[in-house]
Amino acid sequence: MTITGIISALLVGLLIGALGRLVVPGKQRIPIWLTIVIGIVAAFVGSYLAGLFGYRNEGGGFPWLLLIIQVVVAALGVVLAAGAYSRRHRGMLRR
C-alpha cells in the first residue's frame, strides 16, 4: 500500500466516522482515533454489504447509496463503541 492509499483511507475513515457520529443522537464520548477506525472499518464493511446486495455504480456519478450504507454501518459502530468505551472508563473512575 502506498502512502497515498494510507492517507486516503484515513481521510475516508474520518469522513465516514464523522458522518456516523452526526447521525447518532446525543454526545458520544469516544476519542477521534476510534472514530477514524470505525469509519475505515465501516467503509470496507459498507462496500462489501453493498456488493452483496448487487449495488453497482454503473451510471457513474457520486455513489450516494454506497455512502448511505457506509454511514449507517459507521453509526452502528459508533453506538457500540460509545457504549463499550463509556462502561470501560466509568469502571476505571470508581477505583
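Let's start at a small landmark: right after helix H2 comes Gly54, a residue with a positive phi near 85°. Keep in mind as you explore that this is a predicted model. From Gly54 we can step back to the overall layout and then visit some residues one by one.

## The overall layout

The protein has three helices and zero strands, and from the N terminus on its elements run α-α-α. If you follow the C-alpha trace along its principal axes, it spans about 55 × 30 × 20 Å. Of the 95 residues, 28% are buried. The accessible surface amounts to about 6700 Å², and carbon and sulfur atoms account for 72% of that surface.

How much of the contact network joins residues at least 24 apart? Counting contacts between residues at least 6 apart in sequence, the share is 65%.

## Helix H2 and its two faces

Helix H2 covers residues 32-52. With its 21 residues, H2 reaches 30 Å from its first C-alpha to its last, close to the 30 Å expected at 1.5 Å a residue.

Some residues of H2 are hidden from the surface. The buried ones are Leu34, Thr35, Ile36, Ile38, Gly39, Ala42, Ala43, Gly46 and Ala50. Others take part in a nonpolar patch on the surface, which is formed by Leu14, Ile32, Trp33, Val37, Val41 and Val45. Together these six residues offer about 530 Å² of accessible area.

Which helix gives the most to the nonpolar patch? Helix H2 does, with five residues. Leu14 sits elsewhere, in helix H1 (residues 3-23). Leu14 has a relative accessible area of 35%, so it counts as partly exposed.

## Two residues of H2 up close

Thr35 is a good example of a hidden residue in helix H2. Its relative accessibility is 1%, so Thr35 counts as buried. Beyond the neighbours within four places in sequence, Thr35 is in contact with Gly13, Gly17, Ala18, Arg21 and Ile30.

Ile40 also belongs to helix H2. Is Ile40 buried or partly exposed? Ile40 is partly exposed, because its relative accessible area is 21% and the buried class holds values under 20%. Setting aside residues up to four places away in sequence, Ile40 touches Ala9, Leu10 and Gly13. Ile40 also pairs up in an instructive way with Ile16: the two are 24 residues apart in sequence, while their C-alpha atoms are 7.4 Å apart in space.

## Gly20, a buried glycine in H1

Gly20 is found in helix H1. Gly20 counts as buried because its relative accessibility is 0%. What does Gly20 touch, not counting residues up to four places away in sequence? Its partners are Val71, Ala74, Ala75 and Val78. Phe53 makes another useful reference point: Gly20 and Phe53 are 33 residues apart in sequence, and 21 Å separates their C-alpha atoms.

## Two loop residues

The loops have something to show as well. Gln28 is placed in the loop between H1 and H2. At 9% relative accessibility, Gln28 counts as buried. Leaving aside neighbours within four places in sequence, Gln28 is in contact with Arg21, Val78 and Ala82.

Asn57 is in the loop between H2 and helix H3 (64-94). Its relative accessibility is 34%, so Asn57 counts as partly exposed. Once neighbours within four places in sequence are left out, Asn57 is in contact with Phe62 and Pro63.

The side chains of Gln28 and Asn57 also reach backbone oxygens, and the table lists these reaches.

| Side chain | Backbone oxygen reached | Distance |
|---|---|---|
| Gln28 | Val24 | 3.2 Å |
| Gln28 | Gly26 | 2.9 Å |
| Asn57 | Gly61 | 3.1 Å |

## Finding these places yourself

A handy route through the model begins in helix H1 with Gly20, moves on to Gln28 in the loop between H1 and H2, continues to Thr35 in helix H2, and ends with Asn57 in the loop between H2 and H3. Along the way, look for the surface patch that includes Trp33 and Val37.

Notes. Residues numbered from 1 in each chain as written. Predicted model: local features only at pLDDT ≥ 70, side-chain atom pairs only at ≥ 80, totals over all residues. Heavy atoms only, no water. Patch = residues over 30% accessible without salt bridge, like charges linked within 9 Å, V, L, I, M, F, W, Y side chains within 5 Å. Areas by Shrake-Rupley, 256 points an atom, 1.4 Å probe, with all protein chains shown as cover. Salt bridge = Lys/Arg side-chain N within 4 Å of Asp/Glu carboxyl O. Helix = DSSP H or I, 4+ residues; strand = E, 2+ residues; numbered from the N terminus. Buried < 20%, exposed > 50% of the residue type's maximum accessible area, 1.4 Å probe, protein only. Contact = heavy atoms within 4.5 Å. Polar contact = N/O pair within 3.5 Å; in protein donor to acceptor, adjacent residues only side chain to side chain. Expected span 1.5 Å × (residues − 1).
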